[in-house]
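Work through the following exercises with the sequence and the model at hand, trying each task before reading its solution.

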Amino acid sequence: MSDDRRFTSREARIEAAAHRLLDRLPASGLLGGLTEFLVFGIKQAFACLFGGAMLALILATKLFWPQEIGFARYDFLFLAALAIQISLIVFKLETLAEAKVILIFHIVGTVMEIFKTSVGSWIYPEPSILRIGGVPLFSGFMYAAVGSYLARVTRILDMRYTGYPPLWATVLLALAIYANFFTHHFIIDLRYGLFAITAALFLRTTVHYRVFRFRHRMPLLVGFLLVALFIWFAENIGTWSRAWIYPSQHNGWTLVSLQKLGAWYLLMILSFVLVTLVHRPKTQVATMASAATPDLTADARSAAASG
């Protein structure tokens, strides 16, 4: 996707309005740094639009759901997720490519959910009609939220890479990770070997991302860990609301084990690779730049000119 097509039409208008407001601020010093940090936070929140809306609904239905209406909370969450998805497309806040990512993740996640609930890894304690076995259909959207975030943040922050491994190698790793989520119940758990392979593949990979005036860079393995950590936080909110629970939480909520962070890290790799099949990784042109360098791309110049 070229730079001038990085945003949807509505997002482009929001971006232009932000430039008209923020271009007047200093580019350097404390205020310049705070501006960059603020824009980074806003863009991250915008990338989390689907997942944030789902998490808010899970919390709201935990606190305020009227049991007497005779309509299952899980079924409402599924229908609400569909409505959010349709609204994002209708109001041009999401691309069709990202909608495809959500569909892929919903299928991949639901298949794994059906297996995991059948072996007792976790359960969905409330009744519902829209379900497959022990899995309410809204659960697939939890995985879709991860895919939606990764696809959107890749586009919104114009992510590019140096030292990126061959795509075929990352696909094989993703297949091995997905298989291990099933096979470790019957044979040896290969997660530590998968951690080692992940480190070997991505150790030299750096992600370069555009925030506002500058491009920044980060080791991709660190980026994976940070996203996995935030998913772990969200999972604690989800289990507290009893959207799903682990066996250790049957008699009351407890913090989700930090061991789950490793599982989420591997799921992050799987999710990221699936997204790269839709948004192919773009190479960052080598420069002698520092960690935060001015962004001189065409759309940044044109946006600045409009201020």
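**Exercise 1. Find how many salt bridges the structure holds, and work out which parts the pair E98 and R152 ties together.**

Solution. The structure holds ten salt bridges, a salt bridge being a side-chain nitrogen of Lys or Arg within 4 Å of a carboxyl oxygen of Asp or Glu. One of them pairs E98 with R152, whose closest N and O atoms are 3.9 Å apart. Because E98 belongs to helix α5 and R152 to helix α6, this pair ties together parts that are 54 residues apart in sequence; helices (H or I, at least four residues) and strands (E, at least two) are DSSP runs, numbered from the N terminus. The model is a predicted one, in which local features need pLDDT of at least 70 and side-chain atom pairs count only at pLDDT 80 or more, while totals for chains, interfaces and linings use all residues. Residues are numbered from 1 along each chain as its sequence is written, and side-chain values use heavy atoms, with hydrogens and water left out.

As a next step, consider accessibility, where buried means under 20% relative accessible area, exposed over 50% and partly exposed in between (1.4 Å probe, protein chains only). E98 counts as buried because its relative accessibility is 0%, and R152 counts as buried at 0% as well.

**Exercise 2. Determine where D158 and R215 lie, and which residues are joined with them into one network.**

Solution. The side chains of D158 and R215 meet in a salt bridge with an N to O distance of 2.5 Å. D158 lies in the loop between α6 and β3 and R215 in strand β5, so the pair ties together parts that are 57 residues apart in sequence. D158 is buried at 0% relative accessibility, and R215 is buried with a relative accessible area of 9%. Salt bridges that share partners then join D158, R160, R210, R215 and K282 into one network.

**Exercise 3. Check whether the length of helix α9 agrees or disagrees with its number of residues, and find what its buried residues pack against.**

Solution. Helix α9 covers residues 220–240, and the expected span of a helix is 1.5 Å times one less than its number of residues. Its 21 residues should therefore span 30 Å, and the end C-alpha atoms are 31 Å apart, which agrees. Among the buried residues of α9 are F224, W232 and E235. The buried residues of this helix pack against α6, β3, α8, β4, β5 and α10, contact meaning heavy atoms within 4.5 Å. After α9 comes R242, whose phi is positive, near 60°.

**Exercise 4. Find which residues L59 touches, leaving out residues up to four places away in sequence, and decide whether L59 is exposed, partly exposed or buried.**

Solution. L59 is found in helix α3, which runs over residues 49–64. Its contacts, with residues up to four places away not counted, are I237 and W240. The C-alpha atoms of L59 and I237 are separated by 7.7 Å, although the two residues are 178 residues apart along the chain. With a relative accessible area of 26%, L59 is partly exposed.
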